[in-house]
Amino acid sequence: MRSFSELISLAKAKGPRKVVLVGSEDREGIKALKFAFDEGIAVPVFVGDEERTNEILDEEGLKGEVMGASSSEEACEKGIRLVNSGYADIVLKGLVKTSTLLKAVLNKEWGLRSGKILSHIAALEVPAIDRIVFVTDGGMVIRPDLPTKISIIENAVSFLKSLGYEKPKVALVAAVETVNEDMPETLEAAVISKMGQRGQIIDCEIDGPLGMDNALSSFAAEVKKVTGPVAGRADLLVVPDIASGNFLGKSAVYFAGGKIAGLILGASAPIVIVSRADSSPSKLASIALASYSLGEQQ
């Protein structure tokens, strides 16, 4: 996948998905849905403060079904139940705390549990790279241990396959491309790489540790004599911890003039959490990413 424009075109071709905005008295969330509705990607449903939601909808020129809720907890339960029942397809976080929303997602009775860990994936479009590059996990798991990191990789690989990547190229990135006992992330990367070679991690080409340069640039990989199917051609960067992933995503936007989209994976439906600081194209791309990952309409 080369660009967010391509992603949006692909999502449009599959038709609109029903997106529920939880905590719908949120102007930024409503604006994001208006972009998606205008592009033919989303049919909006709103759950939250009914009076305030309708006021904002009138001001922004958008219409949609509004379901009232008297508290954040009620809004989260109603919204998640709509997706659980199949009435809606995608969750979009509005004016509710992330922790309150995720508590509802993980409810054993009516939530969106799948048995998998919840993790975050970001999609980056930057002028210097000729493709969209994905990054995990810069938004959910603070400091994953080895088993958790493997689960995060499995979530991301499954997601990329849903987007049409037959065998994603996965780079375990670190400050250096050699194993260094003083840098635990390089040791973990070497272990995970070996697991991939032995078929313990499937459906992807995986290698590490790799530096950012030789993971993304074929020229850098050639100069440094780093070889293999992933070197210079990574689709997915697996970062050591949440801080490095967060810095990487924001650097792509604020240093490189790029765009970012993101989702929470591991639930039985996509969960979109957009930042108030995200640009309009980024918000649209996040919804398109969720929509396209769901495949063909039934």
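This is a short tour of a predicted model, with a selection to make at each stop.

**Stop 1: the two domains.** Colour residues 4–114 together with 267–293 in one shade; this is domain 1. Give residues 119–255 another shade for domain 2. Taken over C-alpha atoms, the centres of domain 1 and domain 2 are 29 Å apart.

**Stop 2: where the domains meet.** Here 7 residues of domain 1 are in contact with 9 residues of domain 2. Between them, the two domains bury about 750 Å², and 69% of that is on carbon and sulfur atoms. Now select Phe4, Leu289 and Ser293 on the domain 1 side: these residues lose the most area to domain 2, together 66% of what that side buries.

**Stop 3: an annotated span.** Select residues 76–290, which an unreviewed UniProt entry lists as "domain: Phosphate acetyl/butaryl transferase". Helix makes up 39% of this span and strand 18%. The C-alpha atoms at its two ends lie 19 Å apart.

**Stop 4: a pair of rings.** The structure holds 1 aromatic pair. Show the side chains of Phe134 and Tyr165: their ring centres are 5.9 Å apart and their planes stand at 90°, so the pair is edge-to-face. Which parts of the chain does this pair tie together? Phe134 lies in strand β6 (residues 133–136), while Tyr165 is in the loop between α6 (146–162) and β7 (169–173), so the pair joins parts 31 residues apart in sequence. Are Phe134 and Tyr165 buried or exposed? Both are buried.

**Stop 5: a lysine over a ring.** Finally, select Lys18 and Tyr87. Lys18 lies over the face of Tyr87, 4.1 Å from the ring centre.

How values were computed:
Residues numbered from 1 in each chain as written. Predicted model: local features only at pLDDT ≥ 70, side-chain atom pairs only at ≥ 80, totals over all residues. Heavy atoms only, no water. UniProt positions renumbered as here; feature names shortened; annotations may be inferred. Helix = DSSP H or I, 4+ residues; strand = E, 2+ residues; numbered from the N terminus. Phe/Tyr/Trp six-rings, centres within 6.5 Å; stacked < 30°, edge-to-face > 60°. Buried < 20%, exposed > 50% of the residue type's maximum accessible area, 1.4 Å probe, protein only. Lys NZ or Arg CZ within 6 Å of the ring centre and 35° of its normal. Domains from an automatic or database assignment. Contact = heavy atoms within 4.5 Å. Buried area = accessible area lost by both parts, 1.4 Å probe.
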